[in-house]
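Visitor: I should like to go through this structure strand by strand and then turn to its pockets. Could you guide me through the reasoning?

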Amino acid sequence: MGEESAPLRLILIGGSLRSHSVNGAVIATIADMVPAGAQAVIYQRMGELPHFNPDIDRDPLPEPVADLRETLLRADAVLLSTPEYAGSMPGSFKNLLDWTVGSSGLYGLPVGWINPSAQGGAQDTYHALRIVLGRAGAEIVESACADIPVPRDAVGATGLIEPVEIRSALRQPLQALLAAAKMRQGSRAERSL
Ligand SMILES: Cc1cc2nc3c(=O)[nH]c(=O)nc-3n(C[C@H](O)[C@H](O)[C@H](O)COP(=O)(O)O)c2cc1C
């Protein structure tokens, strides 16, 4: 009998600091849906990261930066969801991504995203996100990148998305990302034999 593999560790990162954020609701809903065999970790410290500055990108790292990098080091996959502000991603989210470039950060990690903006919205942001993830060396899983509009009134009092059709649409990119992470876990295990 083969050894059981460790649960896949999926890191979920929302790009909005706003309380009652729709992107935050996407992240919380995905965490709520993660199937057995995977473990969801919602990254919640984006607002604590200092402004990126190469002068402080050295030991001892600011604690929130060390924590972010440690979180990513232990990740099997990353799912993102960000709003658009003034035609691009929020500065605080870009700042987080900047901290991942030049470290092992997102390098080689399967990454997907959910764009919950109204139909056709935030395209410039996700175009820019694709470029940044490319520079960070992430493995963009195309089938785990989806535009799934989420109106504000779809978020219930618990902070989760309620309409069944939206929840069902969210499952597809989640499953695609976990499948890519599973394949990567398998090939890493083979290489370490
Ligand atoms: C200052 C500001 C600028 C915005 N600029 C854009 C924009 O350029 N394009 C867009 O599609 N939405 C824009 N929006 C709308 C937000 O993306 C939208 O409200 C989104 O739901 C916010 O995400 P959140 O609910 O996760 O905080 C803007 C909102 C704010 C507050």
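The following exchange concerns a predicted model.

Visitor: Why can β1 be called largely enclosed by the rest of the structure?

Guide: In a regular strand, side chains alternate between the two faces of the sheet. In β1, L8, L10, L12 and G14 point one way and R9, I11 and I13 the other way, and all are buried. Buried here means under 20% relative accessible area. Strand β1 is therefore largely enclosed because of its residues the number buried is 7 of 7.

Visitor: Which residue in β2 stands opposite I11?

Guide: Strands β1 and β2 run parallel and are joined by 6 bridges. Between these strands the chain passes through α1, in a β-α-β crossover that is right-handed. Opposite I11, in β2, stands V41.

Visitor: Which residue of β3 is the bridge partner of I11?

Guide: Strand β1, residues 8-14, also runs parallel to β3, with 5 bridges joining the two. One residue pair here places L10 opposite A77. For I11, the bridge partner in β3 is V78.

Visitor: Is β3 mostly covered or mostly open, and how many of its residues are buried?

Guide: On one side of β3 lie A77, L79 and S81, and on the other V78 and L80; all are buried. Both faces of the strand are thus covered. Strand β3, residues 77-81, is mostly covered, and the number of buried residues is 5 of 5.

Visitor: What is the handedness of the β-α-β crossover from β3 to β4?

Guide: Strand β4, residues 110-115, pairs with β3 in the parallel sense over 3 bridges. Within this pairing, L80 has W113 as its bridge partner in β4. The chain reaches β4 from β3 through helix α3, residues 91-100, and the crossover is right-handed.

Visitor: Which element supplies the largest share of the lining of the largest pocket?

Guide: The largest pocket has a volume of about 260 Å³. Both α1 (22-33) and β2 (38-43) supply at least two residues of its lining. The largest share, 3 residues, comes from α1.

Visitor: How many residues of the lining of the largest pocket are charged?

Guide: The largest pocket is lined by 15 residues, and those nearest its centre are G14, S16, I42, Y43 and Q44. By class, the lining holds 6 nonpolar and 6 polar residues, and the number of charged residues is 3.

Definitions and conventions:
Residues numbered from 1 in each chain as written. Predicted model: local features only at pLDDT ≥ 70, side-chain atom pairs only at ≥ 80, totals over all residues. Heavy atoms only, no water. Buried < 20%, exposed > 50% of the residue type's maximum accessible area, 1.4 Å probe, protein only. Helix = DSSP H or I, 4+ residues; strand = E, 2+ residues; numbered from the N terminus. Pairing = 2+ DSSP bridges. Right-handed = clockwise from strand over helix to strand, strands pointing away. 1 Å grid on protein atoms, 1.4 Å probe; cavity = no way out; pocket = protein on both sides within 12 Å on 5 of 7 lines; lining within 4 Å. Points joined across faces, edges and corners; volume = space filled by probe spheres on them. Nonpolar A, V, L, I, M, F, W, Y, C, P; charged D, E, K, R; others polar.
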